[in-house]
Amino acid sequence: MQQKSVHWFPGHMQKAMREIEEKLKLIDIVIEIVDARAPKSSKNKFLERLTKSKKRIIVMSKKDLADPNLLRLWEEKYKNDGYYPVACDLNNNQDIKNILNAIQFIGKDKMDRDIRRGLKPQPIRIMIIGIPNVGKSTLINRLSKRGAASIANTPGHTRSQQWIRVNKTLELLDTPGILPPHYDDKMEAIHLALIGSMKIENISETELLEELLKILINKHADKLMERYDLSKEDLSSNNNIFLGIAKRRGLLLSQGQYDLEKAELLLLKEFKEGLIVKTIIDELC
């Protein structure tokens, strides 16, 4: 499969990139949220260049859907790259506390500097960034303990910036989810589509299924067979896999034939929901 660039950059995202660059001078710490299942593909390289002069926390959300052993390796990688990494399930209170602790730890020198100058310590200002659908609005609402940022399980939902005061020591700047204007590595775009961060129509379903089956067969064949009660013979071809899934799940067309299309959609859906295996689809490099 030829790896061509994937272009996907709505006008509101281009505007948001300019606004982010303008607001950075007001910011003490940048929090970038990535999806723990694809910690490289879901990281915005354009934003990384813009924010490299700031103190940075990288929150790897949806850790409950990722392989914990692989996730520890990614935490170590980002620590070596100059980030403060925090793996997080945004519905877990302790994980939210861990993020707050990271903010206070990294921002302590700013507060101490204000005190040394005889100034009243000003709130630590945080910019929260990330591609669509990684949990930015959820994190803001958990940190602020209120419905400050609207939430929708749709890529590209948040389209404006807003300051949110968490307490007297912390203010957050929400930003829209932003994808890079293109992906030179098409595989990264496919990975984003597999986890639901990029709208699926931007990548063909055939490409998604080919890559997903390659991942499952090469790394998680046992989990695939267990989930759908498949045999090793069923894994001999992609068509046999979908036929086996359709048989085991009773997916039929009106004529009594097996509905392979429904089997394909089921595989994509259940992988995205973490029902087949908890894994990380990006290769650690």
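**Notebook: Asp234 and the helices around H9**

I began with the side chain of Asp234, which makes a polar contact with the side chain of Arg248 at 3.1 Å. I note at the outset that this is a predicted model. I then looked up where Asp234 sits, and its place is in the loop between H8 and H9. Is Asp234 buried or exposed? Its relative accessible area is 14%, and because buried means under 20%, Asp234 counts as buried. Setting aside neighbours within four places in sequence, I found Asp234 in contact with Asn240, Ile241 and Arg248.

**Wider view**

I stepped back to the whole protein, which has 10 helices and 8 strands. Buried residues make up 51% of its 285 residues. Among the contacts between residues at least 6 apart in sequence, I read that 65% join residues at least 24 apart. As a sample from a strand I took Ile164, which lies in E6, residues 162–167, and which counts as buried at 2% relative accessibility. Ile164 and Ile140 are 24 residues apart in sequence, and their C-alpha atoms are 8.3 Å apart in space.

**Helix H9**

I returned to H9, which covers residues 238–249. At 1.5 Å a residue its 12 residues should span 16 Å, and the end C-alpha atoms are 17 Å apart, which agrees. Which residues of H9 are buried? I listed Ile241, Phe242, Gly244, Ile245 and Ala246, and what covers the buried residues of H9 includes H7, H8 and H10. Just after the helix, Gly250 takes a positive phi of about 65°.

**H9 against H7**

I next compared directions, and the axes of H7 and H9 come within 11 Å and cross at roughly 85°, so the two helices are roughly perpendicular to each other. The contact is made by Leu209, Leu213 and Ile217 of H7 together with Asn238, Ile241 and Phe242 of H9. By class, I recorded 5 nonpolar residues, 1 polar residue and no charged residues in this contact. Ile241 thus appears in my notes in the contact with H7 and also in the list for Asp234.

**H9 against H10**

For H10, residues 260–272, I found that its axis and that of H9 come within 8 Å and cross at roughly 90°, which makes H9 roughly perpendicular to H10. From H9, the residues Asn239, Phe242, Leu243, Ile245, Ala246 and Arg249 meet Leu260, Ala263, Glu264, Leu266, Leu267 and Glu270 of H10. The residues of this contact divide into 8 nonpolar, 1 polar and 3 charged. Phe242 is on the list for H10 and on the one for H7.

**Helix H10 itself**

I closed with H10, whose 13 residues reach 19 Å from the first C-alpha to the last, close to the 18 Å expected at 1.5 Å a residue. Its buried residues are Ala263, Glu264, Leu266, Leu267, Leu268, Glu270 and Phe271, and they pack against H6, H7, H8 and H9. What caps the N-terminal end of H10? I found Asp259 there, with a side-chain oxygen 3.2 Å from the backbone nitrogen of Glu261. Just after H10, Gly274 takes a positive phi of about 75°.

Notes:
Residues numbered from 1 in each chain as written. Predicted model: local features only at pLDDT ≥ 70, side-chain atom pairs only at ≥ 80, totals over all residues. Heavy atoms only, no water. Axes fitted to C-alpha atoms, helices over the stretch in contact; angles between N-to-C directions. Helix = DSSP H or I, 4+ residues; strand = E, 2+ residues; numbered from the N terminus. Parallel < 35°, antiparallel > 145°, perpendicular 65-115°, else oblique. Contact = heavy atoms within 4.5 Å. Nonpolar A, V, L, I, M, F, W, Y, C, P; charged D, E, K, R; others polar. Expected span 1.5 Å × (residues − 1). Buried < 20%, exposed > 50% of the residue type's maximum accessible area, 1.4 Å probe, protein only. Polar contact = N/O pair within 3.5 Å; in protein donor to acceptor, adjacent residues only side chain to side chain.
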